[in-house]
Amino acid sequence: MITLASDFGSPYPAAMKGVLLSRTDAQLVDIAHDLPRQDPRAGAFWLRETIPYFPPAVHLAVVDPGVGTDRRAIALGVGDHVLVGPDNGLLWPVARRIAEQSDPSIAAFEITVDDPASTTFHGRDVFAPAAAAIHEQGVDRIDTVDLLSPIALDSCVDLRFPEPTRDDEAIHGEVLVVDDFGNVITNVPGEFLEDDLPEPAADATVNGVSAPVVDTFDRVDAGGRLLTVGSHGYVECDVNEGRGDEAFGLGVGDAVDLVVDDSA
Amino acid sequence: MITLASDFGSPYPAAMKGVLLSRTDAQLVDIAHDLPRQDPRAGAFWLRETIPYFPPAVHLAVVDPGVGTDRRAIALGVGDHVLVGPDNGLLWPVARRIAEQSDPSIAAFEITVDDPASTTFHGRDVFAPAAAAIHEQGVDRIDTVDLLSPIALDSCVDLRFPEPTRDDEAIHGEVLVVDDFGNVITNVPGEFLEDDLPEPAADATVNGVSAPVVDTFDRVDAGGRLLTVGSHGYVECDVNEGRGDEAFGLGVGDAVDLVVDDSA
Amino acid sequence: MITLASDFGSPYPAAMKGVLLSRTDAQLVDIAHDLPRQDPRAGAFWLRETIPYFPPAVHLAVVDPGVGTDRRAIALGVGDHVLVGPDNGLLWPVARRIAEQSDPSIAAFEITVDDPASTTFHGRDVFAPAAAAIHEQGVDRIDTVDLLSPIALDSCVDLRFPEPTRDDEAIHGEVLVVDDFGNVITNVPGEFLEDDLPEPAADATVNGVSAPVVDTFDRVDAGGRLLTVGSHGYVECDVNEGRGDEAFGLGVGDAVDLVVDDSA
């Protein structure tokens, strides 16, 4: 199995699929091709929230503002999974998540494709051939793939999501991504909020905007703001049958100051 | 085979696919993941217009404004198909369509997944595990799947499309859905219009807006309004190489009064 | 293997997939279903840039403003590939590309499906049944498929991309397509530009708008205009981390006059 994820939109992923299917019989599964454009951090978030649900596979992922520069192409072997993509941090949050859940050792390799046909479409000309070669060799024999050379883990570009902080005033976090529904996903783990909540659950304010803390959208009227611990385990700023980003005035990277109303 | 349909956009369906592929080798086929958001009636229309073309399969469908509330999760067995989704009516129009075409008996089951990981993403945590379990057991042995308990058909939430009426003045219908092309699909069966049409075909008015009744878009100039019996068998208000919703000023749920001009 | 491409958006392709999977076990691969709407020339471009990467397959492609008129439905056999779609030129650029790369002979067939269920959805009612029948018979036995009758190549509607010209003043080209990134892809082959370029590479102007000629986006600052030879081999008018169509004021079909600045 080979999964594909990119910010390529359409129809560029089809050229990658053609290259893969010309070289392997692998089952192809699309993760998404509308990852936030040119934003490796947001892409890294979505890879981490989707790929760990898959069985062992080669995962080809490309969000690559530096295509054509001297940024390396890499493959990370972790557990029975191999992640293939640019060396810009995109692959690390999911690699660490898989390592936590299964085998803690991660092996890193540089991919070398001599003279790719293009300087702007390495998804087709570098990453797809490498993913196909790894799949054909078998993920447990990644160290024998011709295109790959071992590199030191700490030579790779890392990417970590910012950690929230807490003081007497508030929990200080940041918006990681906004999903297709307009749900605003922060970097504040659900436990931060739950630790502060009185029983019964109260309201909280985000940057001064108040909303009830609930466990399902349906607890507020249609169009109403709410705060909840979403399916990723983070505090989200949402609207029932509406868009949280608009109602809270929040976008990717914005700071969020979260205060639980304990006067209830 | 397992088909997937939802209003999840991207990349949430990938998590469902990962769960399915971790539990089964089924071929996965996407119906659509941009079903009209939070609109079970429109979703029910599209499921009915696509799923019956498929060979026997498990069909996972989620348009679920009530996720996390006490609405049930259900599975409907009909012919060699099983439909899996929320108990909000979404699955019934397609179930009845399949029943009309093949085996008229429908069996209903409640799905019980103890302690799903999230209260907001049952596609991943409830429906996908259930669809995988049904697929692995085999659709003809659905009554032996652990997660399922038989329930009475009439205990399920039903959903029926409104029926048009006809009087001396007009055919009175409603807009069911607007498709990606902007084609306005009403609930008026083609025969209603055809019964009223003189030979040769004349014009008709929709809410006072006149357009020729034709069998193909090409019968009018580019940009011109037309009325036709579309591929779903219903009267549509369309524009050749343009958007019918804009030209007729119609949206989902709007009333349409259709009058054939028999003065021709 | 059967690939699918169309301008149908969603969820109409699902009905085609159902028809195909009811008649064949073929692996289905989506090329794209958001090809530029009702624009066979743009569709022909994208088919040519994606399908040749695939292994031998049946390729179902529908961009079909003339659906329901007397335009024919055709199949083209070339090498080990078969292309299925409307006779409006859509299939010819990719057929010629495959012929150049492998077997130069092309065989053309008319598809006849008696009484298709709809006059507006031949993807479901004509092209999908034909593609399935061809796949089941085998692409090397296409001449024995019941639905097909041989026709003369020169009876087919052809479609050729406009050729750029060059005079003392400028290279005179045209915008072929704008991709999802907003990259403006012209019909000017990369060699045209490269022939004129001094060493080191200079700036050039497009319709009077100046930009550096570079090999990767990263050579200019974020938001900066650039000219490059893209992954299709044509000159593109792009912006690093931005939209070239907006920055250059160019859309599909617009003339581009390209002048290399040789004063450097």
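**Two interfaces, two helix pairs and a few backbone oddities**

Mentor: Chain A and chain C bury about 2100 Å² between them, and 60% of that comes from carbon and sulfur atoms. Keep in mind that this is a predicted model.

Trainee: Which three residues supply the most of the area that chain A buries against chain C?

Mentor: A:Pro11, A:Tyr12 and A:Leu21, with 26% of it, more than any other three residues.

Trainee: How do you know how many residues chain A and chain C each bring to the contact?

Mentor: You take the residues with heavy atoms within 4.5 Å across the boundary. That gives 25 from chain A and 25 from chain C.

Trainee: And what about salt bridges across the interface of chain A and chain C: how many does the rule find?

Mentor: The count is 0. The rule wants a side-chain nitrogen of Lys or Arg within 4 Å of a carboxyl oxygen of Asp or Glu, so a count of 0 says that no pair there passes it. Polar contacts are another matter: 9 residue pairs, with both residues at pLDDT 80 or more, make one between these chains.

Trainee: Which element gives the most to the side of chain A that touches chain C?

Mentor: Helix α1 of chain A, residues 12-23, with 8 residues. By class, that side of chain A has 11 nonpolar, 10 polar and 4 charged residues.

Trainee: Now chain B. What do chain A and chain B bury between them?

Mentor: About 2100 Å², with 60% on carbon and sulfur atoms. A:Tyr53, A:Phe181 and A:Ser231 supply 29% of what chain A buries there, more than any other three residues. Across this interface the rule finds 0 salt bridges, while 9 residue pairs are in polar contact.

Trainee: Which elements give two or more residues to the side of chain A that touches chain B?

Mentor: Strand β2 (28-32) and helix α2 (40-50) of chain A. The largest share, 4 residues, comes from β2(A). That side divides into 11 nonpolar, 6 polar and 8 charged residues.

Trainee: Inside chain B, why is the crossing of α1(B) and α4(B) called right-handed?

Mentor: The axes cross at roughly 30° and come within 9 Å. The near helix is turned clockwise from the far one by less than a right angle, so the crossing counts as right-handed.

Trainee: What makes the contact of α1(B) with α4(B), by class?

Mentor: It has 8 nonpolar, 1 polar and 3 charged residues. B:Gly123 is in that contact, and Gly counts as polar, so B:Gly123 is scored as polar. Chain C has such a pair too: α1(C) and α4(C) pack at about 30° with axes 9 Å apart, in a right-handed crossing.

Trainee: Which residues of α1(C) make the contact?

Mentor: C:Ala15, C:Met16, C:Val19, C:Leu20 and C:Arg23.

Trainee: Back to A:Pro11. What kind of peptide bond joins A:Ser10 and A:Pro11?

Mentor: A cis one, with omega about 0°. Most peptide bonds are trans. A:Pro11 sits in the loop between β1 (2-6) and α1 of chain A. In chain B, a cis peptide bond joins B:Ser10 and B:Pro11.

Trainee: What is phi of A:Asn207 near, and where does that residue lie?

Mentor: Phi is near 50°, a positive value in a residue other than glycine. Most residues other than glycine have a negative phi. A:Asn207 lies in the loop between β11 (203-206) and β12 (209-212) of chain A.

Key: Residues are numbered from 1 along each chain as its sequence is written. Chains are lettered from A and ligands numbered from 1 in the order in which they are written. This is a predicted model: local features need pLDDT of at least 70, side-chain atom pairs count only at pLDDT 80 or more; totals for chains, interfaces and linings use all residues. Side-chain values use heavy atoms; hydrogens and water are left out. Axes are lines fitted to C-alpha atoms, for helices over the stretch in contact, and angles run from 0 to 180 degrees between N-to-C directions. Buried area is the accessible area (1.4 Å probe) that two parts lose on being put together, summed over both. A polar contact is a pair of N or O atoms within 3.5 Å; within protein, one must be able to donate a hydrogen and the other to accept it, and residues adjacent in sequence count only if both atoms are side-chain atoms.
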